[in-house]
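User: Please take a close look at one helix and its surroundings, and then place it against the interior of the model.

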Amino acid sequence: MSVIQSVEIFQVDLAPKVVRTDAVQSFERQETPIVRITDADGVAGVGYSYTIGTGGSSVLRLLDDHLAPLLVGREADHIEQIWRDLFFRVHATTVGALTSIALAAIDTALWDLRARRAGLPLHRLAGGAKDSIPLYSTEGGWLHLEQAQLVDEALKAREAGFGGTKLKVGRPHVAEDVRRIAAVRDAVGDGWDIMTDANQGFSLDEAIRRVRRFEALDIAWFEEPVHADDVDAHRRLSQSTSVPIAVGESLYSLSQFKDYLQCGACSIVQVDVGRIGGITPWLKVAHLAEAHNVPVCPHFLMEIHVALCCAVPNSRWLEYIPQLDLVTLQGMRIENGRAVPSAEPGLGISWDWQRLDKLTLHRSRHARTGPR
């Protein structure tokens, strides 16, 4: 038995390593809710999720007032049951980002605890499909960067062994986007992938217009071209182009991915463990995508996604955006442009608790009282 004795909740705010801008927003800071769950044997699992600058206080209230109190005394290994109980406990606030972010922090902590008790790294516990995953870089492709900077950053990524780079698109005129992509393509040659990301910035007509100009540049995918709620627009866009359409970072349920996959509205799934509600639903989405012969290329949170990508057979790329370096003792292992999951039991994240203590903005604890 692994009965939950205590649940600790922290929040730290992590500053981006570089300025990050896209067609609709800037990444102000990573508000990072962290959950540490300890069982009756003293084994602890740690999970986390994130915002890009707002909403963190609301996530903490959900955790403190509504979710964490329900965990104390539960059997920690009943992960699926706990996830569903918590989901329906706050059913009136689902499906949505705040609830998913809160659930993700808890669910990843429970998986970390399960893996530590089993003595297995997450990638093996969750499937064990592969030993490494190719990397592409997003850090050198932000929308505010000048064309020469985009080229320099892409060349650096290629020299480091990465297999591709992502460029943000959404400049006022399509010709600007085309020039920027073409400059990178000319520099890196034909044997290297260039991803593009519009961050939901276009109407359907403008997305069709732009992707048709992008086709000649052999881009790997066109990400979040229109608003994520508009499945039919993505279907129509997919039918209009040979470029793969990628969605997922702004979807918050298995059912939403099902709708996209069933009608052929996407050909790349970018499910984000922090926005889908944790590892439990992430794996379901990945297997659903596999059933539709669609690859998984998750969004952000590379420190968790490296293990999840290596757990499933249909993963294709891992997005390189380092963020936890400030609060961990060692970074993600990279060999020849590929990310390698940790062999240590659990998520494989080595937290620097001294550093975390200094950065913590919120701290609370929910514990079991009375005899064990």
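Analyst: G264 has a positive phi of about 70° and comes just after helix α9. The model is a predicted one, and the helix in question spans residues 254-262.

Within α9, the buried residues are F257, Y260 and L261. They share the same side of the helix, because the arc they cover around the axis is only 95°. An α-helix has 3.6 residues a turn, so positions three or four apart point the same way.

What do the buried residues of α9 pack against? Their partners include three helices, α8 (231-239), α10 (273-276) and α11 (279-291). Two strands also take part, β8 (245-247) and β9 (268-269).

As for the wider interior, the largest nonpolar core has 72 residues. Those touching the most other members are V35, I37, I106, V269, W282 and W351. Helix α3 (residues 97-118) contributes the most to this core, with nine residues. I106 touches V35, I37, L63, L67, L71 and L86, leaving aside residues up to four places away in sequence. Another core, of 41 residues, lies apart from it, and V188, I245, M302 and M332 are among its members.

Empty space is a separate matter. Searching the whole structure gives three cavities of 30 Å³ or more, and the largest cavity holds about 200 Å³. Its lining consists of 20 residues, with D22, F27, W142, K168 and H299 nearest the centre. By type, the lining of the largest cavity comprises nine charged, six polar and five nonpolar residues.

Note on methods:
Residues are numbered from 1 along each chain as its sequence is written. This is a predicted model: local features need pLDDT of at least 70, side-chain atom pairs count only at pLDDT 80 or more; totals for chains, interfaces and linings use all residues. Side-chain values use heavy atoms; hydrogens and water are left out. On a 1 Å grid over the protein atoms alone, a cavity is a set of points where a 1.4 Å probe fits but cannot get out, and a pocket is an open set with protein on both sides within 12 Å along at least five of seven lines; lining residues have an atom within 4 Å of a point. Grid points are joined across faces, edges and corners, and a volume is the space filled by probe spheres set on the points. Ala, Val, Leu, Ile, Met, Phe, Trp, Tyr, Cys and Pro count as nonpolar, Asp, Glu, Lys and Arg as charged, and the others, Gly among them, as polar. A nonpolar core is a set of buried Ala, Val, Leu, Ile, Met, Phe, Trp, Tyr and Cys residues joined through side-chain atoms within 4.5 Å. Buried means under 20% relative accessible area, exposed over 50%, partly exposed in between (1.4 Å probe, protein chains only). Helices (H or I, at least four residues) and strands (E, at least two) are DSSP runs, numbered from the N terminus. Contact means heavy atoms within 4.5 Å. The arc is that of the directions from the helix axis to the C-beta atoms.
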